[in-house]
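Okay, thanks for making the time, everyone. Let me put the model up and then we'll walk through it.

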Amino acid sequence: MSKTMRTNRWAQIIIQILIILLCIAIILPFMNVLALAFNSGKDAATGGIWFWPRQLSFENFMEVFKQDNLITGLLISVFRTVIGTVAGVFLMAMASWALAIKELPLRSQITFFVFFTMLFGGGQIPYYLVLSELGLTGSIWVYVIPSLYSVTNILLLKSAFQQLPMSVMEAARIDGMSEMGIFMRLVLPMSKPTLATVSLFTAVGHWNDWFSGSFYIREESMKPLATILQDMLTRQEGLADILARGGSEAYRQLEAINVTGQSLQMATIIVVILPVIILYPFIQKYFVQGITIGSVK
């Protein structure tokens, strides 16, 4: 066996070992979350639970699904995720395709202006005032409209569009196809991997966002699932803290609680990430291709 072949073999072995270690580093924390989520909270508070539950219990999940407005919050989360993802990806793709065309007037200046907004923001209070003046606070559209664009996603799509064969687009223009026709019939179908990647980023961002519902919405019936679960965690931890500071009677009440803040938090994590885990395998191949294509110019 030549020296080069031996070197390549050892390099492959080292890479495989590193990948195995990386997988273990990812899987073990997730197993710990599952163990704490399916374990009695009172027992989990004593420690010593790592990768499987010591006292199997479903009380944590029962507490999560006891919320009265859980179904409404779920519907709102689905609405904002679907509408926000479809509208946002389409508008970002249109903006990215325009920036990818070299003949666009002031193309460099517009690209710099878009990138500049990624570096500096106006602050939370001015942002809230702008949303209030637009009539978005207290409206379900506060979840969708402010999230219609992402500079990171626009630049990712722009980089991917610039790698498309422009000769095909020029041939379509010569044949009389309109710019919208080129965009819809050629650009989008040829960019499925990158579009799938951006769609995943956008959908996960909508699904996990609890901040908007907590700060821009006052009515409980209009809060998304993530905000409802976050409020539930806050109440649970606050109750446990109050009882811990009380007297003997409060201590007995605290001892009777089987659902703790930590166990409830783990159950909440499982509930929130479950849809993403179910969806990801179906778009995994597009996700990998999209990251590779969009990151290399």
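So, a warm-up: is Glu-59 buried, partly exposed or exposed? It's partly exposed, because its relative accessible area is 34%, and the scale I'm using calls a residue buried under 20% relative accessible area, exposed over 50% and partly exposed in between, with a 1.4 Å probe and protein chains only. Glu-59 sits in helix 3, residues 59-64. What I like here is the partner: Val-259 is 200 residues away in sequence, yet the two C-alphas are 6.8 Å apart.

Quick housekeeping. This is a predicted model, so local features need pLDDT of at least 70 and side-chain atom pairs count only at pLDDT 80 or more, while totals for chains, interfaces and linings use all residues. Residues are numbered from 1 along each chain as its sequence is written, and side-chain values use heavy atoms, with hydrogens and water left out.

Now the overall fold. The protein chain has 14 helices and zero strands; helices here are DSSP runs of H or I with at least four residues, strands are E runs of at least two, and both are numbered from the N terminus. Of the 297 residues, 36% are buried. Taking contacts, meaning heavy atoms within 4.5 Å, with a separation of 6 or more, 71% are between residues 24 or more positions apart.

On to helix packing. Helix 4 and helix 9, residues 179-190, pack at about 110 degrees with axes 12 Å apart. For the geometry, axes are lines fitted to C-alpha atoms, for helices over the stretch in contact, and angles run from 0 to 180 degrees between N-to-C directions. So helix 4 is roughly perpendicular to helix 9; the bins are under 35 degrees for roughly parallel, over 145 for roughly antiparallel, 65 to 115 for roughly perpendicular, and oblique for the rest. On the helix 4 side the contact uses Phe-90, Ala-93, Met-94 and Trp-97, and the helix 9 residues include Phe-183 and Val-187. By class, that contact has 10 nonpolar, no polar and one charged residues. Nonpolar covers Ala, Val, Leu, Ile, Met, Phe, Trp, Tyr, Cys and Pro, charged is Asp, Glu, Lys and Arg, and the others, Gly among them, are polar.

Helix 7 and helix 10 are another pair, at about 175 degrees with axes 10 Å apart, and therefore roughly antiparallel. Among the residues in that contact are Asn-153 of helix 7 and Thr-202 of helix 10. The class split there is six nonpolar, four polar and no charged.

Stay on Thr-202 for a second. Thr-202 is buried, with 8% relative accessible area. Beyond its neighbours within four places in sequence, Thr-202 is in contact with Gly-84, Thr-85, Val-89, Met-92 and Asn-153.

Last stop, the pocket. The largest one has a volume of about 730 Å³. Of its 28 lining residues, the closest to the centre are Tyr-127, Ile-145, Pro-146, Ser-147 and Tyr-149. On a 1 Å grid over the protein atoms alone, a pocket is an open set of points with protein on both sides within 12 Å along at least five of seven lines, and lining residues have an atom within 4 Å of a point. Helix 10 gives the largest share of the lining, four residues. By class, the lining has 14 nonpolar, 12 polar and two charged residues.

Definitions and conventions
On a 1 Å grid over the protein atoms alone, a cavity is a set of points where a 1.4 Å probe fits but cannot get out, and a pocket is an open set with protein on both sides within 12 Å along at least five of seven lines; lining residues have an atom within 4 Å of a point. Grid points are joined across faces, edges and corners, and a volume is the space filled by probe spheres set on the points.
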